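New page in the notebook. I'm going through this one piece by piece and jotting down what I look up.

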Amino acid sequence: MTTNEFQVTGMTCGHCEMSIREEVSEVPGVEDIQVSAQTGTLVVTGSGSLDDAQILAAVAEAGYSAVRTA
């Protein structure tokens with residue numbers, strides 16, 4: 001299992017979380033997504049290696065920006 005953490009800018013509510021969850025869930029290999037507007041964090045877990053560029057692009061597609069933190 002691989003877990004990557006990101007700091008997301010611009011989330012303010014549950015709808016923001018849902019938008020990010022929808023886009024990131026389409027990235028190949030993603031098995032679990034934890035996202036919090038309150039803390040601005042996104043934690044993505046997958047069975048193999050995860051492509052940060054695809055995850056960041058999915059966050060951007062949802063209308064937000066993110067940087068990897070761990």
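Which residue in β3 stands opposite I33? I looked it up, and V44 is the one facing I33. Note to self before going on: this is a predicted model.

**Entry: the hairpin.** I33 made me look at the two strands around that pair. Strand β2 covers residues 30-36 and strand β3 covers residues 41-46. They run antiparallel, and I find six bridges joining them. Together β2 and β3 make a hairpin, with four residues between the strands. In the turn I checked G40, which has a positive phi of about 75°.

**Entry: the other side of β3.** Next I looked at strand β1, residues 2-9. Six bridges join β1 to β3, and this pair runs antiparallel too. One position I noted is E5, whose bridge partner in β3 is V43.

**Entry: the whole sheet.** I then wrote down the strand order, which is β2-β3-β1-β4. The four strands form an open sheet with antiparallel pairing. Which strands stand at the edges? They are β2 and β4; each has a single partner strand, so one side of each has no neighbour in the sheet. I also looked up the twist: neighbouring strands are turned by 25° against each other on average, direction ignored.

**Entry: the helices.** Helix α1 (residues 14-24) and helix α2 (residues 52-61) have axes that come within 8 Å and cross at roughly 140°. At that angle α1 counts as oblique to α2, because the label "roughly antiparallel" is kept for angles over 145 degrees. The crossing of α1 past α2 is right-handed. Who makes the contact? From α1 I listed I20, E23 and V24, and from α2 I listed I55, A58, V59 and E61. Sorted by class, that contact has five nonpolar residues, two charged ones and no polar ones. As for α1 and the sheet, α1 lies across β1, β2 and β3, and runs at about 165° to β2.

**Entry: salt bridges.** How many does a search of the whole structure find? I got one. General reminder for myself: side chains of opposite charge can pair when their charged atoms come close. Here the side chains are those of R68 and D52, at 2.8 Å from N to O. R68 sits in strand β4 (residues 65-68) and D52 in helix α2, so I've marked this as a link between distant parts of the chain, 16 residues apart.

Methods:
Residues numbered from 1 in each chain as written. Predicted model: local features only at pLDDT ≥ 70, side-chain atom pairs only at ≥ 80, totals over all residues. Heavy atoms only, no water. Pairing = 2+ DSSP bridges. Axes fitted to C-alpha atoms, helices over the stretch in contact; angles between N-to-C directions. Parallel < 35°, antiparallel > 145°, perpendicular 65-115°, else oblique. Left-handed = near helix turned anticlockwise from the far one by under 90°. Contact = heavy atoms within 4.5 Å. Nonpolar A, V, L, I, M, F, W, Y, C, P; charged D, E, K, R; others polar. Salt bridge = Lys/Arg side-chain N within 4 Å of Asp/Glu carboxyl O.
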